[in-house]
Amino acid sequence: MSQSIAKVMGQGITPQAFIEGMTKNQEDFVRWSDSFEWTQEDNKSFFESLQFRDDLRCSILMADWCGDVVRNVPVVFKVMDEAGIPTEVLIMEQFLDTMDQFLTMGGRSVPIVLITDTGGHVLAQWGPRPRDVQAHMVAFKETYTDREAPAYAEQLKITYQKIKEQYGEGTDYQRRIVRELHEILSSI
């Protein structure tokens, strides 16, 4: 069964409106955005070539309180801007029915980047984190299935520390996001 977000397309806000309306983490969001630079390995020309396509749209389910949004979405905004793909932000709390169509391992994780056609048919999805970072959460969820288990909270804390370490201090993780978005966009 194919997924569609046709009923909510056009109800989101612009990336700029999201940034301006942030009540949490705005400074960090802008800092990560300002730290983004295209590198030779990013294949910027591929994204530029997409500017001639008028059949793609991007909707991002997200919230300003989420650390993964703060780190990852600035990169997604830069890539979509370079590709000329119209992008809108769907604030998770305002679009819970839509969010519940795109759960990550049964949970509401943001950001979720949805690449659609102009009619809202979902062609591809990315998020909430680069694959190598998300691998830590996948391993945790596969091992600790009982939220009431004594070790659950402590192991979750350890997992979040591993995620933070996998992101690293610098911007290397941004290359991985660009690479993953390149894979997705070149397949549609």
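Modeller: A quick definition before we start: two strands count as paired if DSSP finds at least two bridges between them. And keep in mind that this is a predicted model.

Biologist: Got it. So which residue of β2 is the bridge partner of Leu61?
Modeller: Start with the strands themselves: β1 covers residues 57-62 and runs parallel to β2. Five bridges join the two. For Leu61, the partner in β2 is Leu90.

Biologist: Let me step back, then. How many helices and strands does the protein chain have?
Modeller: Walk along from the N terminus and the elements go α-α-α-β-α-β-α-β-β-α-α-α. In total, the secondary structure of the protein chain comes to eight helices and four strands.

Biologist: What is the order of the four strands in the open sheet?
Modeller: The edges help here: β2 (87-91) and β4 (122-126) each pair on one side only. The pairing in this open sheet is mixed, and the twist averages 20 degrees from one strand to the next. Reading across the four strands, the order is β2-β1-β3-β4.

Biologist: And what angle does helix α4 make with β1?
Modeller: Helix α4 takes in residues 67-83 and lies across β1, β2, β3 and β4. Helix α8 (residues 172-186) packs on the sheet too, touching β3 and β4, at about 165 degrees to β4. For α4 against β1, the angle is about 170 degrees.

Biologist: Now Thr116: is it buried or exposed?
Modeller: Thr116 sits in strand β3, which spans 112-116. Beyond its close neighbours in sequence, its contacts include Ile5, Asp55, Arg57 and Leu123. Its relative accessible area is 0%, and the cut-off for burial is under 20%, so Thr116 is buried.

Biologist: Why do Phe29, Trp32 and Ser33 end up on the same side of α2?
Modeller: These three are the buried residues in helix α2, residues 26-35. On the other side of α2, Glu27 and Asp34 are exposed. The buried three share a side because, around the axis, they cover an arc of only 100 degrees.

Biologist: What covers those buried residues of α2?
Modeller: Remember that they are Phe29, Trp32 and Ser33. The cover comes from elsewhere in the chain, and it includes α1 (15-21), α4 and α8.

Biologist: How many disulfides turn up in the whole structure?
Modeller: Take Cys58 and Cys66, both buried, at 1% and 8% relative accessibility. Their sulfurs are 16 Å apart, too far for a bond. A search of the whole structure gives a disulfide count of zero.

Biologist: Which bond does Pro128 share with Gly127, cis or trans?
Modeller: Pro128 is in the loop between β4 and α6 (131-143). Most peptide bonds are trans. For the bond joining Gly127 and Pro128, though, omega is about 5 degrees, making it cis.

Biologist: And where is Pro111, whose peptide bond from Val110 is cis?
Modeller: That cis bond has omega near 5 degrees. As for its place, Pro111 is in the loop between α5 and β3.

Biologist: What is the phi of Asn25?
Modeller: Asn25 is in the loop between α1 and α2, and it is partly exposed at 31% relative accessible area. Most residues other than glycine have a negative phi. Asn25 has a positive one, near 65 degrees.

Biologist: And the other asparagine, Asn43: what is its phi?
Modeller: Asn43 belongs to the loop between α2 and α3. It is partly exposed, with a relative accessible area of 33%. Its phi is again positive, near 55 degrees.

Biologist: One last thing: what radius of gyration does the protein chain have?
Modeller: Its C-alpha atoms fill a box of roughly 55 × 35 × 35 Å along the principal axes. With 188 residues, a compact globule would come out near 16 Å. The chain agrees with that, at 17 Å.

Definitions and conventions
Residues numbered from 1 in each chain as written. Predicted model: local features only at pLDDT ≥ 70, side-chain atom pairs only at ≥ 80, totals over all residues. Heavy atoms only, no water. Buried < 20%, exposed > 50% of the residue type's maximum accessible area, 1.4 Å probe, protein only. Contact = heavy atoms within 4.5 Å. Axes fitted to C-alpha atoms, helices over the stretch in contact; angles between N-to-C directions. Arc of directions from axis to C-beta. Disulfide = S-S within 2.5 Å. Rg over C-alpha atoms; globule rule 2.2 N^0.38 Å. Lists of a residue's contacts leave out its neighbours within four places in sequence.
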